[in-house]
Structures are given as C-alpha cells and as structure tokens.
Amino acid sequence: MTRPDDWHVHLRDGDMLATVLPDTAQRFARAIVMPNLKPPVRTVAEASAYRERILAALPAEMRFEPLMTLYLTDKTSPEDIRQAKSSGFIHAVKYYPAGATTNSDSGVTDIHRVAAVLETMQEVGLPLLVHGEVTDTDIDIFDREAVFIERILVPLLERLPRLRVVLEHITTAQAAAFVTAAAANVAATITVHHLLYNRNAMFQGGIRPHAYCLPVLKRESHRLALVAAATSGNPKFFLGTDSAPHLRHDKESSCGCAGIYSAHAALELYAEVFEQAGALDKLEAFASFHGPDFYGLPRNQEQVTLVKQPWTVPAALKAGDHALIPLRAGETVGWHLA
Ligand SMILES: NC(=O)N[C@@H](CC(=O)O)C(=O)O
Ligand SMILES: [Zn+2]
Ligand SMILES: [Zn+2]
C-alpha cells in the first residue's frame, strides 16, 4: 500500500522523543506533531526549534517529515497565524480547551477570546485541530465530546463556516455523524485504540491504567460507529494514532496520566480492524490518501507492505532508565510491517 502518514501523534521531547520517533518514522512518512509539550509550542520560533530537535533525533537511515503545529492560547495573535502560514512547515493550530487533557492548562480558557485568531485562520486556510471535549466538572466524562460539539463546535462553524477543522480522535457516534453531515472543510481523525476497544477494556479483570486515554473509551455502540466511519471510504475520516507515551510510573498511579502508546504497532493494528470489518480494501485510502488530500499535500510515492503474520509485542519498551508500556504489551498483533 502507499506509505501512510499519521495525522495526530505526540512525539514529546528529549529521551522520550528519541525512544518513540523511530516507531513512528518506520511506519509513517509524515506526521502532524502535537504541540502540548511543557511549555507548549506556541510560536513559529518554538515550532522551528522543536522541528530541528525532531530531525536531529531521527536515525540516519530513516526518512520522516514532521508537520508542525502551534498550540492555541489566549495570547496567540493573528500575526502568529500569518507567520505560521507563511513558515511552510507549520500546517495547523491545535485547540486544547484549558484543562481538557495532558498539558492543556495553557489552553484556551474561552473560545470567544480567540475570535480574531480564528477569523485569520479561516482567511489564510490554516486548519484548526480540536480536542473536542468540554471540561465542566458537572458534565459526565462520557458526554464531554457530544456536549462539546453542541455547545462549542456547532456555533463556531456557524460563525466561521469556511474554517477548516479537524475534530481529533473522535470517540462517539455523535461525532462521526456530525463530521459526516458537515461541510467539506470539516474532517476527523480516528485512533486505532478507539476502533479496537470499548470502555470495558479499562476494567477488564481489574483497573487497567494503560487503557486510559482522553477522550475516554466509550461504549460498544460508539466503537461500532467509529469502525463504520473509518471503513466507509468517506474522505473526511483519516488515520491519527494519538500515540501518547507516558512513563510506566505515570500510568500505574493513583492518578494516572491519560494516553495510550500505539506507534510501535499502529499500522499493523489498523490492519486488524479493517480486516475484521471485511474492509481491508479501504485501509489505504484511510491511512494514505484522505489525510494529505484534506491538508492539500501530495500523497506519498513510496509503498509499505503489511504481511499477515502474528508477532508478540514486548511487555515493556525502554525510555531512558524508565519503562514505557505499549498498547497490546505482551500480546499478539496479527499483521507485521515487512
Ligand atoms: N490523548 C491522551 O489521552 N493524551 C494526550 C493528549 C490528548 O491527545 O488529549 C497526551 O498528550 O498525553
Ligand atoms: Zn487530545
Ligand atoms: Zn493527542
């Protein structure tokens, strides 16, 4: 199949960057690199420096192009947006509702505060990537995505109908329906873990911190709606792993971090999903065509080969002196990247 891209990945920084980058670069020619570092990547200069650190961490024999993003804050200016657009290496701006997820405290506190910035993004055609959850503690965590669509996304797109939006890591039937019905400038990424598992996975035989991510896994009917969307052939849906590494002790904790690391086997696991759905013929478009088409980038020329051959995922990966527990740790993956 045509070499794919990952339209939503967390590469982190320092030791963790060196640990996880090869897994992503082995499978994906390009990736939208999320900006939620500490401190976040907020300016063109910070994005350029981060891009250099990623390229410096890339093993010599590997080819990989990081597609950089800016982290939207209350302080972002329309000038930042124009600079980002003309930089040539910044492809989007990421909107984290403040407090919604990992390293999101510097996020936007009120979407009305960034109205001028969003108008500039609509004007210059820079996509807004959205972590689509409200953070109100009185809203049930399983409802936060659906409420976000009604309360924030619908009014936003009414105000800015030409704004290009990617609703990231969708987890519900409501999100899949919303994106399907929306105009062509609205798209969505779907992770492999939200296609493989429902929320029971977090409680199987005990509390399972390595199955905890945000937006949180939902009930089976939502997983089925996501599989239907991903395998539909609809160009609005494309691959975004949301591979989000956290060290073992930050996951196995009384207040564990949200995030699932899947970069080590992502494409192979998507192949499992599409095969189970009898839709292997739809994998290439989802993984390799819809994303570059939406972003206005050329499709990759190279090919990769997936072989139906089971392999066992290591129980743990090394990240410096610490451990990183991968998705499917110690278990089998049915497809192998040749
Ligand atoms: N998805 C997660 O559960 N965590 C991501 C942040 C995010 O994508 O929300 C992370 O950076 O850890
Ligand atoms: Zn997110
Ligand atoms: Zn993410």
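## Residue classes around ligand 1

Ala, Val, Leu, Ile, Met, Phe, Trp, Tyr, Cys and Pro are counted here as nonpolar, Asp, Glu, Lys and Arg as charged, and the others, Gly among them, as polar. On that division, the shell around ligand 1 in this predicted model holds four nonpolar, nine polar and two charged residues.

The residues around ligand 1 number 15, and those that come nearest are Arg12, Thr101, Leu214, Asp242 and His246.

## Contacts and burial of ligand 1

Two histidine side chains and one backbone atom supply polar contacts to ligand 1. An N or O atom in the side chain of His246 is 2.9 Å from an oxygen atom of the ligand, and the corresponding distance for the side chain of His131 is 3.0 Å. Leu214, in turn, places a backbone N or O atom 2.7 Å from an oxygen atom of ligand 1. Taken alone, ligand 1 exposes 310 Å², and the protein buries 100% of that area. The space that ligand 1 takes is the largest cavity.

## The zinc ion (ligand 2)

His131, whose side chain also contacts ligand 1, serves through ND1 as a protein donor of the zinc ion (ligand 2), together with His169 through NE2, and these donors lie 2.1 Å from the ion. The site has four donor atoms, and with angles of 55 to 145° among them it is irregular.

## The zinc ion (ligand 3)

The zinc ion (ligand 3) lies 3.6 Å from the zinc ion (ligand 2). Its protein donors are His8 (NE2), His10 (NE2) and Asp242 (OD), at 2.0 to 2.1 Å, and along the chain they follow the spacing H-x1-H-x231-D. Asp242 is also listed among the residues that come nearest to ligand 1.

Why is the arrangement around the zinc ion (ligand 3) irregular? The four donor atoms subtend angles of 87 to 141°, whereas a tetrahedral assignment would need all angles to lie between 85 and 135 degrees, so the arrangement counts as irregular.

How values were computed: Residues numbered from 1 in each chain as written. Chains lettered and ligands numbered in written order. Predicted model: local features only at pLDDT ≥ 70, side-chain atom pairs only at ≥ 80, totals over all residues. Heavy atoms only, no water. Near = heavy atom within 4 Å. Polar contact = N/O pair within 3.5 Å; in protein donor to acceptor, adjacent residues only side chain to side chain. Areas by Shrake-Rupley, 256 points an atom, 1.4 Å probe, with all protein chains shown as cover. 1 Å grid on protein atoms, 1.4 Å probe; cavity = no way out; pocket = protein on both sides within 12 Å on 5 of 7 lines; lining within 4 Å. Sits in = over half its atoms within 2 Å of the grid points. Donors = N, O, S within 2.8 Å, 3.2 Å for Na, K, Ca; no water. Tetrahedral: all angles 85-135°; square planar, octahedral: opposite > 155°, others 65-115°.
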